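Reader: I should like to examine how the descriptive terms applied to this model are justified. Please set each value against its criterion.

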Amino acid sequence: MLTTPHLLVGAAIGSQVGNPILVATTAAASHFVLDSLPHLGFIVGERRLGAQWDFEDLDRRDLTIVAADVLIGLGLVTLITAGNPRAELIWLGAFCAFLPDFHHTFQILFGPQKLKKYTKLHLKFHYKKPMRVLPGLATQVTAAIAAVLVVLR
Ligand SMILES: [Zn+2]
């Protein structure tokens with residue numbers, strides 16, 4: 001799943017739960033719940049599920065989508081936390097909801113053979129069927145909008 005819905009659902013959890021440990025654990029768990037929902041995978045690790053890939057497989061399209069996704073997600077979390085007294089918990093939730101995808105960055109930096117066991121475990125939670133673009137995006141956009149509404153209510 002894209003980073004933006006992960007960040008925003010984590011932010012929503014941070015906006016509603018007062019205990020930082022509960023925020024961190026619930027937000028991290030939300031990552032796997034979101035990954036299990038039907039969605040269209042964009043980045044290399046999702047698009048080529050289970051397949052071997054190398055750094056060279058990351059094309060300009062992959063990097064542009066990942067960079068735009070991360071920037072949009074961080075920008076939205078910045079916007080919804082502006083003036084919010086729970087900003088620290090919201091950022092904690094956003095960070096912890098994103099954290100289970102850290103292996104993508106780690107593998108880009110240190111090679112796809114790193115963290116193989118974690119990657120395999122992470123993929124067990126993933127929705128794996130191919131999807132059309134619109135329905136594949138709809139679940140992610142819906143999760144993101146619902147999360148923003150929870151934070152802003
Ligand atoms: Zn994930």
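Reader: What makes the crossing of helix 1 and helix 2 right-handed or left-handed?

Author: In this predicted model, the crossing of helix 1 and helix 2 is right-handed. The term applies where the near helix is turned clockwise from the far one. The two helices pack at an angle of about 145 degrees, and their axes lie 9 Å apart.

Reader: Which residues make that contact, and what is their character?

Author: Helix 1 contributes Pro5, His6, Val9, Gly10, Ile13 and Gly14, while helix 2 contributes Val23, Thr26, Ala27, Ser30, His31 and Leu34. These residues divide into 6 nonpolar, 6 polar and no charged. Glycine counts as polar in this scheme.

Reader: Why is helix 1 described as largely enclosed by the rest of the structure?

Author: A residue is buried if 20 or more other C-beta atoms lie within 10 Å of its own. Of the 14 residues of helix 1, 13 are buried, so the helix is largely enclosed by the rest of the structure. For the chain, buried residues make up 32% of the 153 residues.

Reader: How do you know that the span of helix 8 agrees with expectation?

Author: The expected span is 1.5 Å times one less than the number of residues. Helix 8, residues 133–152, has 20 residues and should therefore span 28 Å; its end C-alpha atoms are 28 Å apart, which agrees. Helix 1, residues 3–16, likewise reaches 20 Å from its first C-alpha to its last, close to the expected 20 Å.

Reader: Which residues of helix 8 are buried, and against what do they pack?

Author: The buried residues of helix 8 are Gln140, Ala143, Ala144, Ala147 and Val151. They pack against helix 1, helix 2, helix 4 and helix 5. An α-helix has 3.6 residues a turn, so residues three or four places apart point the same way.

Reader: What makes the phi of Leu115 worth noting?

Author: Most residues other than glycine have a negative phi. Leu115 is not a glycine, yet its phi is positive, at about 55 degrees. This residue lies in the loop between helix 6 and helix 7.

Reader: Why is Leu115 called partly exposed?

Author: The class lies between the limits of 12 or fewer neighbours for exposed and 20 or more for buried. Leu115 has 17 C-beta neighbours inside 10 Å, and therefore counts as partly exposed.

Reader: How many helices and strands does the chain have?

Author: The chain has 8 helices and 0 strands. Among its contacts between residues at least 6 apart in sequence, 78% join residues at least 24 apart.

Note on methods:
Residues are numbered from 1 along each chain as its sequence is written. This is a predicted model: local features need pLDDT of at least 70, side-chain atom pairs count only at pLDDT 80 or more; totals for chains, interfaces and linings use all residues. Helices (H or I, at least four residues) and strands (E, at least two) are DSSP runs, numbered from the N terminus. Two residues are in contact if their C-beta atoms, placed from the backbone, lie within 7 Å. Axes are lines fitted to C-alpha atoms, for helices over the stretch in contact, and angles run from 0 to 180 degrees between N-to-C directions.
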